Amino acid sequence: MQKTSINVLTYNVFLRNEFPIFGNVYDAQDERIADIPIALRRKDDECGGIDILVLTELYHKNRNNMFKLLSDKWTYKSKIVKNRFFESSGIYILTKTKIIDDDYMVFKDAMYLDYFTSKGVSYIKTEIKGEHVHVFATHTQASYPGMNIKAVKYRKKQLSQLKEF
């Protein structure tokens, strides 16, 4: 039996929307949202093709522009998760092959700013080189200053929920 190899790249792009409580924190997000597609396309060429691209922490208001810049290489994208309040999940799975099935689960437990996002697990099923491929992507509870012990407890709860999914 011949093994099928696929290339998967996962990247926490660290592109957040501004939260008023933090003020206007500038960390070159507008520049990075333009540069990231260029870098991903270059990496795709260098490694002989990235079949599946997983992007996390992609909350930026201009994320659709980034998807447009990537859409000629990664045509298919996991569904956009309805948000809990005002943020999406920030998790996107892009693939060069058609998505056969997809699903998403929002974690029940979250704290602090993560509560306002829809962090959870995103799932797709696709077919690459005649083989079904199942991809799960997640982004769990963040740590915050002075809250690390509590954040670890929430992450453990989220990983239990992931296991059940």
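This is a short tour of a predicted model, one selection at a time.

**Before you start**

Residues are numbered from 1 along each chain as its sequence is written. In this predicted model, local features need pLDDT of at least 70, side-chain atom pairs count only at pLDDT 80 or more, and totals for chains, interfaces and linings use all residues, while side-chain values use heavy atoms, with hydrogens and water left out.

Helices (H or I, at least four residues) and strands (E, at least two) are DSSP runs, numbered from the N terminus.

**Stop 1: helix 1**

Select residues 29-46. This is helix 1, with 18 residues. At 1.5 Å a residue it should span 26 Å, and its end C-alpha atoms are 25 Å apart, which agrees. The expected span is 1.5 Å times one less than the number of residues.

Now pick aspartate 35. Helix 1 bends there by about 30°. The bend is the angle between axes fitted to the seven residues ending at a residue and the seven starting there. Proline 37 follows within four residues.

Which residues of helix 1 are buried? They are Gln29, Ile33, Ile36, Pro37, Leu40 and Asp44. Buried means under 20% relative accessible area, exposed over 50%, and partly exposed in between (1.4 Å probe, protein chains only). The buried residues of helix 1 pack against strand 1 (8-15), strand 2 (52-58) and helix 2 (63-70). Contact here means heavy atoms within 4.5 Å.

Step past the helix to glycine 48. Its phi is positive, near 80°.

**Stop 2: strand 2 and its partners**

Select strand 2. Seven of its seven residues are buried. Strands of a sheet pair through backbone hydrogen bonds, either parallel or antiparallel. Two strands pair if DSSP finds at least two bridges between them.

Add strand 1. Six bridges join strand 1 to strand 2, and the two run parallel. Find tyrosine 11: it stands opposite leucine 55 in strand 2.

Add strand 4 (residues 92-95). Four bridges join it to strand 2, and this pair runs antiparallel. Here leucine 53 stands opposite leucine 94 in strand 4.

Go back to strand 1 and pick phenylalanine 14, which lies in that strand. Its phi is near 55°, a positive value in a residue other than glycine. Phenylalanine 14 is partly exposed, with a relative accessible area of 41%.

**Stop 3: the three-stranded sheet**

Select strands 5, 6 and 7. They form an open sheet in the order 5-6-7, with antiparallel pairing. Strand 5 (99-106) and strand 7 (131-138) are the edge strands, each pairing on one side only. Neighbouring strands of this sheet are turned by 15° against each other on average, direction ignored. Axes are lines fitted to C-alpha atoms, for helices over the stretch in contact, and angles run from 0 to 180 degrees between N-to-C directions.

Zoom in on strand 5 and strand 6 (residues 120-128). Seven bridges join them in the antiparallel sense. Aspartate 101 has lysine 125 in strand 6 as its bridge partner.

Next, pick lysine 129, in the loop between strand 6 and strand 7. Its phi is also positive, near 55°. At 57% relative accessibility, lysine 129 counts as exposed.

**Stop 4: helix 3**

Select residues 148-164, which form helix 3. Its buried residues are Ala151, Tyr154, Gln158 and Gln161. Seen down the axis, they fall within an arc of 75°, so they line one face of the helix. The arc is that of the directions from the helix axis to the C-beta atoms. What covers these buried residues includes strand 5.

Rotate to the face turned away from the buried side. It carries the exposed residues Ile149, Lys153, Lys156, Lys163 and Glu164.
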